[in-house]
Amino acid sequence: MNEPLEESALEVSRRYFLGQGAGVGLGAMALGLLEATRSQAAEKAPAIGLPDLPHKPPKAKNVIFLTQSGGPSQIELFDYKPNLMKWAGKELPESVRGGQRLTTMTANQKQLIMPSRTKFKRYGESGATLGEWLPFHGEVADELCFIKSMNTDQINHAPAMTKFLTGHQLPGRPSIGAWSSYGLGSENRNLPDYLVLISKMKRPSDQPLYDHYWGSGFLPSRYQGVKLRNAKEPVLYLRDPDGMPRPIRRGMLDGIAELNQMRLEQTGDPEIETRIRQYEMAWRMQSSIPELNDLSDEPESTFELYGPDSRRPGSYAANCVLARRLIERGVRFVQLFHPDWDHHSRLGSWCVARCRDTDQASAALVKDLKQRGLLDETLVIWGGEFGRGVAGQGKWNSPEGGRDHHPRCFTTWLAGGGVKPGMTYGMTDEFSYNVAENPVHVRDLHATVLHLLGIDHERFTYRHQGLDFKLTGVEPSRIVEEILV
């Protein structure tokens, strides 16, 4: 009967010494340390990640993931198939299709081949082939590495994008950005490790972008992507209320941190530690976010490079400028989302519009990073969750024709960060329907990205519900060594 009482007394004594008896709480002590280091740290500080990471010297310090949501058509943009003209209007041979699954949107129609709606041209010393809707890409073709043999298992948007970004088709796993944040942390203590920017479209988009695409899954929530709104206030409720002086606000945060720290001592709940960090990060973001979004210090040449749309807040082009500014400030992982690449109809007009949104700015980002000496240490990834099929959806020879989803082959490109420039890797068959050479699964892309960040994907795990989870899962995956410098 006496032991619990003795333990309770010891616990009270310990708390009293560290709390009331010392005249200061644990939270205040922690915040005092943070306050002391704030003035010394300035904007950049050593990365705060796992103690045993990186496993080896990284080729890339940062990642910018230009996520094109909806499935861009590789047949119009990257994968030149001139022989399709002789197959125009003919049915896709069953030997090519091989019984592959179709969506319900085209399963009951004949698979009549629709040739590319664009003309192609070779660019640069590498001779990369690009569709005419991507002229600015041609200017940086020798900086890009095209993977034309990407493939995935999922044929519908949500599971395919979830797989593309988390390694599993069902929600609940950490995104690749969250994994990198958990493992490596960030050099910037005034901004989150992982930031997400979503394009503000000129017309309403009917394609949802779910929070779990940049979520932390079973990792502590401090590792999830922080979404910056494409609005006047990028982060809601970041400003202090009117009439709230900064010293009073600081005192409130110190008090909340003290209470949270006491609770953390009692429970050991990592989410309480996350809450403490988030309050402190919000305090720092009150100055760092307005400074980040103020483009008045950008020269006129920046807007000329990224195009006129870069002056429109929230546009893809403006977000590309912000991505570069974030990388300059040491943010580890920046992800842009541009929706509306799902062209089941009117491919010839809607795909052109999406290319117009993204072509110049994507190329400008690569140029800008290179001229600032940042490309070698920044990995840029461009791609969507799957590609499009060779058969026309609707009337193949009509302006209203489009293409259905196609997971068996699509194109992604990478630049900088230890990737060979001016290279094309992988090949599809003459119908751009199946991978013919050097397949690269989504798992392989993830393993390669982690490798470039200095992480061995086989050793990078997190224990959850008794299992050691990893981004690349349990199925075989490989680092695509052939595309690495």
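This is a short dialogue on reading ring pairs, charges over rings and cavities in a predicted model.

Me: Before the details, what does the secondary structure come to, and what share of the residues is buried?

Reply: The protein has 13 helices and 17 strands. Of its 485 residues, 54% are buried. Take contacts between residues at least 6 apart in sequence: 79% of them join residues at least 24 apart.

Me: OK, aromatic rings next. How many aromatic pairs does the structure hold, and how do I read one?

Reply: Two numbers describe a pair of aromatic rings, namely the distance of the centres and the angle of the planes. Here you have 19 aromatic pairs to look at. Try Phe 78 and Phe 146: the centres are 5.9 Å apart with 50° between the planes, and the pair is tilted.

Me: Where in the chain do Phe 78 and Phe 146 sit?

Reply: In distant parts, 68 residues apart. Phe 78 belongs to the loop between helix H3 (74-77) and helix H4 (94-97), while Phe 146 is in strand S4 (residues 144-151). Both Phe 78 and Phe 146 are buried.

Me: And why is the pair of Tyr 182 and Tyr 223 edge-to-face?

Reply: Check the angle: the planes stand at 80°, and over 60 degrees counts as edge-to-face. The ring centres of Tyr 182 and Tyr 223 are 5.4 Å apart. This pair links distant parts of the chain too, with Tyr 182 in helix H7 (residues 176-184) and Tyr 223 in the loop between strand S5 (194-198) and strand S6 (226-228), 41 residues apart. Tyr 182 and Tyr 223 are both buried.

Me: Which residues do ring pairs link into a cluster with Tyr 182 and Tyr 223?

Reply: Trp 179, Phe 218, Phe 460, Tyr 462 and Phe 469 join them in that cluster.

Me: What about charges over rings? Which ring does the charged end of Lys 90 sit over, and which one has Arg 311?

Reply: Lys 90 puts its charged end over the ring of Trp 87, 5.9 Å from the centre. For Arg 311, look at Phe 303: the charged end sits over that ring, 4.3 Å from its centre.

Me: Last one: how many cavities are there of 30 Å³ or more, and what lines the largest?

Reply: The idea is to roll a probe the size of a water molecule over the atoms, which shows where empty space is left. A search of the whole structure turns up two cavities of 30 Å³ or more, and the largest holds about 40 Å³ of space. Its lining includes Gln 74, Leu 77, Phe 386, Phe 410 and our earlier Phe 78. H3 and strand S11 (410-415) are the elements giving two or more residues to that lining. By class, the lining has five nonpolar, four polar and no charged residues.

Conventions. Residues are numbered from 1 along each chain as its sequence is written. This is a predicted model: local features need pLDDT of at least 70, side-chain atom pairs count only at pLDDT 80 or more; totals for chains, interfaces and linings use all residues. Side-chain values use heavy atoms; hydrogens and water are left out. Rings of Phe, Tyr and Trp (its six-membered ring) pair if their centres lie within 6.5 Å; planes under 30 degrees apart count as stacked, over 60 as edge-to-face and the rest as tilted. Helices (H or I, at least four residues) and strands (E, at least two) are DSSP runs, numbered from the N terminus. Buried means under 20% relative accessible area, exposed over 50%, partly exposed in between (1.4 Å probe, protein chains only). A charge sits over a ring if NZ of Lys or CZ of Arg is within 6 Å of the ring centre and within 35 degrees of the ring normal. On a 1 Å grid over the protein atoms alone, a cavity is a set of points where a 1.4 Å probe fits but cannot get out, and a pocket is an open set with protein on both sides within 12 Å along at least five of seven lines; lining residues have an atom within 4 Å of a point. Grid points are joined across faces, edges and corners, and a volume is the space filled by probe spheres set on the points. Ala, Val, Leu, Ile, Met, Phe, Trp, Tyr, Cys and Pro count as nonpolar, Asp, Glu, Lys and Arg as charged, and the others, Gly among them, as polar. Contact means heavy atoms within 4.5 Å.
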